[in-house]
Amino acid sequence: MSLFVLLTVSGFSQQAIAIDAGMPNPPASPTVVKVGIFLADIIGLDEVNETFQAEFVIGAEWMDPRLAFDPVEVGADQKLFQGPWQFDEVFGGWWPQLLIVNEIGNGDLNAVRLVVHADGRVRYMEQRSVTLETPMQLARFPFDEQILEANIISFGDHSDQVLLEVDERILGASEEFAEKHRRVDIAQWQFNNLDLTSRTADYRYYGGTKVFSEINLAISLTRQSANFMWRIIFPLIILVLLMWAVFWLEVDNLSERLNLAFIGVLTIIAYQFTLDGTMPRISYFTFTDTILLYSFVIMCVAIFESVIVYSLYRAGHKPWAERVDLIAQWVFPMIYFVGLVASYVYYQI
């Protein structure tokens, strides 16, 4: 009778373990999962859509005593599950379903590996190619610095069930890799650093007031602005300077003065259309927008100056007209360059 009861209790215990294996362990308190993200490469960055593409190696480690085993009996000190089929079909334990909240689409899961150690410690790793949406601050463009973010939660598990913590080992390895291998850099951008932090986030998928534990990856990049300056800003400044040739034309030659000034105005408008195709639809002015608008206003003022000079000439005040031109030859460049410097200082504060 005692043997029957023992076998029955043992059977119920094994059944309970099998059921509990689909839940975080232990259910009464949070399961601590150490998560690390190794940044293998940044493939591309799209300012218009505010997205970036990257390759991540995501690692997670947690303790699950229910999966502990006798290494002598098994003949090995760890159990290995690798590849999607083994992980999905063979491994029967619990694992945190790590979801990148700001990922667009499904991405590509290129490799997955899970190791169960004899003491119940579980080590999970996967490699993903993902496209992520991240807000960008472009007010200082082209002197801006961007923080690209990836936010990871354990899908379906609130913070009182699963607590995510930063795995400093993977963070250190990723920082060292990025410093030694410049392949992390992308065109026109320079990699600065990356950081992993643990925090709570309010994703109310199931309603209620419970929060999720979240891992935030922040990648800092600085735009290399030299190319943009030489291709866009510097030619624009030269163009404005050339258009000031109107101040050296004869005061009675209104048609030539206006033709030259309007060519400059139309060229600046063409610049604006060119830049619109490379920038997102944002509700604020960038440094480049300010420079374009400022140059446009200066050229429009030059048109009014030519009209005033011609009016003075027609009124019989040619010496006054020539004096206005002489003043404009010095005042306009001074005002323009002071405005450029002031705009740069304003956007850097």
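Biologist: Two strands are paired if DSSP finds at least two bridges between them. The model here is predicted. Over how many bridges do β2 and strand β6 pair?

Modeller: Strand β2 spans residues 51-63, and β6 spans residues 121-133. Within this pair, Phe56 stands opposite Arg128 in β6. The two strands run in the antiparallel sense, and the number of bridges between them is 13.

Biologist: β2 also pairs with β1; which residue of β2 does Ile42 stand opposite?

Modeller: β1 covers residues 31-46, and its antiparallel pairing with β2 extends over 11 bridges. One facing pair is Gly36 and Gly59 of β2. For Ile42, the residue opposite in β2 is Ala54.

Biologist: Which residue in the hairpin of β1 and β2 takes a positive phi?

Modeller: The hairpin has 4 residues between its strands. The phi in question is near 55°, and the residue is Glu50.

Biologist: Which strands stand at the edges of the sheet that holds β1, β2 and β6?

Modeller: This is an open sheet of 6 strands with mixed pairing, in the order β3-β5-β6-β2-β1-β8. An edge strand here has a single partner, so one of its sides has no neighbour in the sheet; that applies to β3 (78-82) and β8 (162-166).

Biologist: What is the average twist from one strand of that sheet to the next?

Modeller: The strand order to follow is β3-β5-β6-β2-β1-β8. From each strand to the next along it, the twist averages 25°.

Biologist: In the sheet of 4 strands, which are the edge strands?

Modeller: That sheet is open and antiparallel, ordered β4-β7-β10-β9. An edge strand pairs on one side only, which applies to β4 (98-100) and β9 (189-201).

Biologist: Which residue of β7 does Leu99 stand opposite?

Modeller: β4 and β7 (residues 145-154) run antiparallel and are joined by 3 bridges. Opposite Leu99 in β7 is Ile153.

Biologist: Which residues touch the most other members of the largest nonpolar core?

Modeller: In soluble globular proteins, nonpolar side chains tend to be buried together. Here the largest such core has 46 residues. Not counting residues up to four places away in sequence, Phe56 touches residues including Ile37, Leu39, Ile100, Val130, Ala150 and Leu217. Phe56 is one of the three with the most core contacts, the full set being Phe56, Leu114 and Ile219.

Biologist: Is Thr288 buried or exposed?

Modeller: Thr288 is found in helix α7 (residues 287-314). Leaving aside neighbours within four places in sequence, Thr288 is in contact with Phe141, Pro142, Phe228, Ile233 and Leu275. The cut-off for buried is under 20% relative accessible area. Thr288 has 2% relative accessibility and therefore counts as buried.

Biologist: How far does α7 reach from its first C-alpha to its last?

Modeller: α7 has 28 residues, for which 40 Å is expected at 1.5 Å a residue. The helix is followed by Gly316, with a positive phi near 85°. The span in the model is close to the expected one, at 41 Å.

Biologist: Which residue forms a salt bridge with Lys34?

Modeller: Side chains of opposite charge can pair when their charged atoms come close. Lys34 in strand β1 has its partner in strand β8, 131 residues apart. Lys34 is partly exposed at 34% relative accessibility, and the partner is also partly exposed, at 29%. The closest N and O atoms are 3.3 Å apart, and the partner is Glu165.

Biologist: How many residues apart in sequence are the parts tied together by Glu47 and Arg223?

Modeller: The two side chains meet in a salt bridge at 2.7 Å, N to O. Both residues are buried. Glu47 lies in the loop between β1 and β2 while Arg223 belongs to strand β10 (residues 212-223), so the separation of the parts they tie is 176 residues.

Biologist: What is the N to O distance in the salt bridge of Arg128 and Glu126?

Modeller: Arg128 is buried at 12% relative accessible area, as is Glu126 at 5%. This salt bridge has an N to O distance of 2.1 Å.

Notes. Residues numbered from 1 in each chain as written. Predicted model: local features only at pLDDT ≥ 70, side-chain atom pairs only at ≥ 80, totals over all residues. Heavy atoms only, no water. Axes fitted to C-alpha atoms, helices over the stretch in contact; angles between N-to-C directions. Buried < 20%, exposed > 50% of the residue type's maximum accessible area, 1.4 Å probe, protein only. Contact = heavy atoms within 4.5 Å. Core = buried A, V, L, I, M, F, W, Y, C linked by side-chain atoms within 4.5 Å. Expected span 1.5 Å × (residues − 1). Salt bridge = Lys/Arg side-chain N within 4 Å of Asp/Glu carboxyl O.
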